[in-house]
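Grab your favourite viewer and get ready for some backbone spotting. Here are a few exercises, each with a worked solution.

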Amino acid sequence: MRKGTIILLSICFAYLLAGAQTNLVPNPSFETMSSCPTGISQLNNAIPWYDPTSTTSDYFNQCATGFVDVPNNVFGTEAAQVGFAYAGFYTFNAAIPNRREYIQVKLNDTLAAGKKYLVSFYVSLADTMKYATSNLGAFFSPTPVSNMGPGEVLSYLPQIFNPPSNPLLSKNGWSQITDTLFSAGGELYITIGNFQDDSNSDTIFVGGNGWNTSYYYIDDVSVVDIGWVGMDEVTDKIKANLFPNPSNGEMTLEYFLPENSTGSFIIRDVTGKLISSYTLLAGENQLDIQESNLPNGVYLYEILQDGKTVKTEKLVVTK
């Protein structure tokens with residue numbers, strides 16, 4: 001069997017194993033409830049989920065009638081992705097600048113430093129919305145987060161975010177948002193919503209008869225341990241592991257570059273503009289990266305072997 005085939009099978013096995021492991025999100029599809037919702041703004045009924053900013057995040061369940069039923073409710077028609085319930089929140093309001101809603105829950109266990117977690121959730125744009133936003137994300141923190149006033153944008157940098165290349169336009173069916181979280185250790189809460197203000201949100205006018213807002217249903221939230229961060233094989237030759245990520249700008253790259261090869265480590269902003277470039281030496285090495293002057297934000301890093309890009313990944317800087 002070729003080595004490349006072995007690597008591919010190993011990756012597939014890791015994801016199959018993740019599916020068999022425990023989801024750290026309690027009540028991930030919102031079916032457990034303290035009581036059936038009777039109207040809007042009753043997310044807290046989907047215990048232990050709650051609204052961290054005291055706004056009007058909603059809970060929908062087929063046990064209800066009228067406004068918060070599943071599949072038919074005040075915002076449109078959508079069957080649940082899993083089971084018979086889901087939650088919902090505003091991500092943009094054309095009439096009220098920077099109006100946001102979020103949902104939050106305490107995980108079943110604290111995330112461990114140096115581990116990788118597969119994070120996933122599904123969203124669907126409600127039928128009666130005239131706008132869509134692609135900037136949905138998930139923020140992990142050791143303690144609950146909130147803001148000083150209802151409806152304000154939470155000023156945190158989510159570790160998991162949906163890229164603009166995946167516009168969340170579907171009003172019929174569900175779109176998955178998924179990514180790998182490299183834990184810094186101690187994270188115990190997950191908060192989901194749009195963490196960008198209006199000027200930085202990827203907002204799209206979709207038209208139709210309805211409200212001048214963007215509102216998403218959300219279902220099937222999962223956080224699954226997929227193992228310790230290790231020497232990640234990029235190709236048949238080069239190996240590399242960058243940690244921590246997220247970081248404060250100071251990182252370490254462990255790598256192995258075969259003899260007679262040249263290598264580079266490059267950091268770019270999300271537009272592709274070059275930030276920094278480092279030379280990689282043949283053999284097994286450790287590169288200390290000092291980028292403490294980088295502002296908080298999301299960047300991209302590339303690893304090149306013999307002038308060819310063999311890996312491109314997200315780099316999150318938060319201080």
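The exercises below deal with backbone angles in this predicted model.

**Exercise 1.** Find out whether the peptide bond from F243 to P244 is cis or trans, and locate P244.

Solution. Start with the usual case: most peptide bonds are trans. Now check omega for the bond from F243 to P244: the angle is near -10°, and the bond is cis. Then place the proline: P244 sits in the loop between β15 (239-243) and β16 (250-257).

**Exercise 2.** What is the omega of the peptide bond from N245 to P246, and which loop holds P246?

Solution. Read omega off the bond from N245 to P246: the value is near 15°, and this bond is cis. Next, look at where P246 falls, namely in the loop between β15 and β16.

**Exercise 3.** Work out the sign of phi for F30, then decide: is F30 buried or exposed?

Solution. Keep in mind that most residues other than glycine have a negative phi. F30 isn't a glycine, yet its phi is positive, about 65°. On the chain, F30 belongs to the loop between α1 (3-20) and β1 (58-61). For the last step, the cut-off for buried is under 20% relative accessible area. F30 has 0% relative accessibility, so F30 counts as buried.

**Exercise 4.** Where does S41 lie, and what is its phi? Add its exposure class.

Solution. First the place: S41 is in the loop between α1 and β1. Next the angle: S41 is a residue other than glycine with a positive phi, near 65°. Finally the surface: S41 counts as partly exposed because its relative accessibility is 35%.

Terms used: Residues numbered from 1 in each chain as written. Predicted model: local features only at pLDDT ≥ 70, side-chain atom pairs only at ≥ 80, totals over all residues. Heavy atoms only, no water. Helix = DSSP H or I, 4+ residues; strand = E, 2+ residues; numbered from the N terminus. Buried < 20%, exposed > 50% of the residue type's maximum accessible area, 1.4 Å probe, protein only.
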